[in-house]
Amino acid sequence: MPWGTVVHVDEPRDGRIELRGLSKSFRSPQGPVRAVREIDVSIGRGETVALLGPNGAGKSTTIDMLLGLTAPDDGTVSLFGMQPTAAVDSGAIGAMLQTGSLIRDLSVRELVTVMASLYPRPLGVDEVIDLTGIGEFAGRRTQKLSGGETQRARFAIALVSNPELLVLDEPTVAMDVEGRHAFWSAMREFAAGGKTVVFATHYLEEADSYADRVVLMAHGRIVADGPPTEIKAMVGSRTIRATLPGADLDALAKLPGVTAAEARGESVVLACSDSDAAIRALLARFPEARDIEVSGAGLEEAFLRLTGDEEAA
Amino acid sequence: MSVATYTRYELLRTFRNRRFMTFSLGFPLVIYYLIAAPNRNVSDLGGSGLSAPLYLMVGLAAFGTMNAMLSSGARIAAERAVGWNRQLRITPLTTRNYFRAKVLTGYALALVGLLLLYVAGATLGVSMSANLWVKMTLLILVGLIPFAALGIFLGHQVSVDSIGPVMGGLTALLSILGGAWFPISTSGALYDIAQLLPSYWLVQASHIAVGGQAWGAKGWIVMGAWTAVLTVLAGRAYRRDTARA
């Protein structure tokens, strides 16, 4: 219901978000860095898309070009049939940038009110404060917020514009668990109103849980684009770590779901293709195993596998 | 969409910054009483033809209002430092309205500072007809236009770490050379230099109080030239700052 009163922009309504042949290089002391290399992405209205990749993959540069904050060296961006600046001017875009803080000497509520006043079709200030769960510090001056509270206030600012496209660049950095939870449930509620959401993250779990589609980036390229389950299968291998003194590594490596076993002092580390099967087998065969941890392999590791060593290019 | 709301909150934000307000409004007042009170009976200060309380009232008003206008530059630099300008660039707020809010805030501060000094001047015996008070005020407000442009220029040119010293040094220099603290003798190289400065003409607005003509052709030309040059520089600094290579 909160999103039921949405009024759409008068611009072409059936347009998509199209990035075509987008490229961007930056100068650096070590020579030019090709941050984004000829990427093509097409996003339909109402999709929630995660841009997933490790730091330096080109996510933020892509988002800056999407928003018209950075001019591409090559390629085009079209947002619902408009140039980025025209889309921004029409009030169709709301964004939470990766870096940046809030201006001081206003309360959070006042700042949300000011930002709402800049847009043609804003949401109600109270509605947004409720939705983003920032009521408890809405009356506080912005300079007195913690890092996580600042992030949540910045999210409220992005949302109050009631945009057709909401862009979030690494939104949950600096948020605590509770903050993240409130954040994602608000994002979902917003997206459920038929709005388009693009968010950048380097957490596979976030991409998996909250996106309809994951665009995987590494070294400025798109290395995969598909539903989260597909991407997860590609990069989501897990490891099990357990304390198991004097373990038989050969026997461990042969357990179902385990691809490799390695000893680290008193502990063993098992690389898994199916961690659920592996952990059942592990406990059945080695009931003395303790301090068991299951963790996702780092994205960086997964990307290295996916992209080989072509970053030398 | 309302630019008024944006401007109103910009003002609120500025007036809430207590340390800044105390300094920018209080400092000229303190200096005024320190210099003008002991000389309250001097009827012709340094050959200016004006009483010390009157001359210094406008002189320190010029100093204070220059600061007020340039402080918009400090706020721009601070917003740039936290990335707020990028946040604003992805809103429908136009550049023109952004600067309008900044300039209006500078003017609001300047007006408050002016009124405080007028009151202080009155306590030291400055008096003139309402008509002349208004005329003088209007002339000072016109004379602040180049400083509005200078503030925007500095806000985009100078980092937040150095804008304090840059502004402080600049206003001190412009005030001294423009005769805000004491009249410039009307001959010699210093006088020639002073007449080329916008601060000098700001201080000259005090001549309206005794029915004189404050600026004359030379004043208007100098002010016009500074306004034109600084506006071009401000526009260029803004574009260079926001264009991302």
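This section walks through the two chains of a predicted model, their contact, and a few local features.

Chain A mixes the two kinds of secondary structure, with eleven helices and 13 strands. Of its 313 residues, 45% are buried. If we look at contacts in chain A between residues at least 6 apart in sequence, 69% of them join residues at least 24 apart. The domain assignment splits the chain into domain 1, covering 17-234, and domain 2, covering 237-296. Taken over C-alpha atoms, the centres of these two domains of chain A sit 38 Å from each other.

Chain B is another story in terms of secondary structure: eleven helices and zero strands. Its pattern along the sequence is simply α-α-α-α-α-α-α-α-α-α-α. The C-alpha trace of chain B spans about 55 × 35 × 30 Å along its principal axes. For 245 residues, a compact globule would have a radius of gyration near 18 Å, and the 18 Å of chain B agrees with that. Buried residues account for 44% of the 245 residues in chain B. Among its contacts between residues at least 6 apart in sequence, 78% link residues at least 24 apart.

Where the chains meet, chain A puts in 23 residues and chain B 20 residues. On the chain B side, helix 1 (3-16) and helix 4 (84-89) each supply at least two residues. Helix 1 of chain B gives the largest share of that side, with five residues. Sorted by class, the side of chain B that touches chain A holds eight nonpolar, six polar and six charged residues.

Turning to the nonpolar interior, the largest core counts 146 residues, and Val112(A) and Met57(B) have the most contacts inside it. Helix 3 of chain B (residues 52-81) provides the largest share of this core, 17 residues. Leaving out residues up to four places away in sequence, Met57(B) touches Tyr32(B), Ala36(B), Leu117(B), Ala120(B), Gly121(B) and Val126(B). Apart from the largest core lies another one of 14 residues, among them Leu244(A), Ala261(A), Leu270(A) and Leu282(A).

Two helices deserve a closer look. Helix 5 of chain A (residues 147-160) has 14 residues and reaches 20 Å from its first C-alpha to its last, close to the 20 Å expected at 1.5 Å a residue. This helix of chain A is mostly covered, with twelve of its 14 residues buried. The buried residues include Glu149(A), Arg152(A) and Arg154(A), along with Phe155(A), Ile157(A) and Leu159(A). Their cover includes strand 5 (93-96), helix 3 (108-117), helix 4 (125-131), strand 6 (165-169) and helix 6 (177-192) of chain A. Just after helix 5 of chain A, Asn162(A) takes a positive phi of about 50°.

Helix 11 of chain B (residues 216-242) has 27 residues and runs 39 Å from its first C-alpha to its last, close to the 39 Å expected at 1.5 Å a residue. Its buried residues are Gly219(B), Met223(B), Trp226(B), Leu230(B), Ala234(B) and Tyr238(B). An α-helix has 3.6 residues a turn, so residues three or four places apart point the same way. The buried residues of helix 11 of chain B pack against helix 6 (130-143), helix 7 (145-157) and helix 10 (198-204) of chain B.

A few single residues of chain A round things off. Most residues other than glycine have a negative phi. Phe80(A), though not a glycine, has a positive phi of about 55°. Phe80(A) sits in the loop between strand 4 and helix 2 (84-89) of chain A, and it counts as buried because it has 23 C-beta neighbours inside 10 Å. Glu170(A), also not a glycine, has a positive phi near 50°. Glu170(A) falls in the loop between strand 6 and helix 6 of chain A and is buried, with 22 other C-beta atoms within 10 Å.

Strand 4 of chain A (residues 74-79) contains Asp74(A). Asp74(A) is partly exposed, since 13 other C-beta atoms lie within 10 Å. Setting aside neighbours within four places in sequence, Asp74(A) is in contact with Gly21(A) and Ser23(A). Asp74(A) and Glu38(A) are 36 residues apart in sequence, yet 7.8 Å apart in space, C-alpha to C-alpha.

Terms used. Residues are numbered from 1 along each chain as its sequence is written. Chains are lettered from A and ligands numbered from 1 in the order in which they are written. This is a predicted model: local features need pLDDT of at least 70, side-chain atom pairs count only at pLDDT 80 or more; totals for chains, interfaces and linings use all residues. Helices (H or I, at least four residues) and strands (E, at least two) are DSSP runs, numbered from the N terminus. A residue is buried if 20 or more other C-beta atoms lie within 10 Å of its own, exposed if 12 or fewer, and partly exposed in between; C-beta atoms are placed from the backbone. Two residues are in contact if their C-beta atoms, placed from the backbone, lie within 7 Å. Ala, Val, Leu, Ile, Met, Phe, Trp, Tyr, Cys and Pro count as nonpolar, Asp, Glu, Lys and Arg as charged, and the others, Gly among them, as polar. Domain bounds come from an automatic or database domain assignment. The expected span of a helix is 1.5 Å times one less than its number of residues. The radius of gyration is taken over C-alpha atoms; the globule rule is 2.2 Å times the number of residues to the power 0.38. A nonpolar core is a set of buried Ala, Val, Leu, Ile, Met, Phe, Trp, Tyr and Cys residues joined through C-beta atoms within 7 Å.
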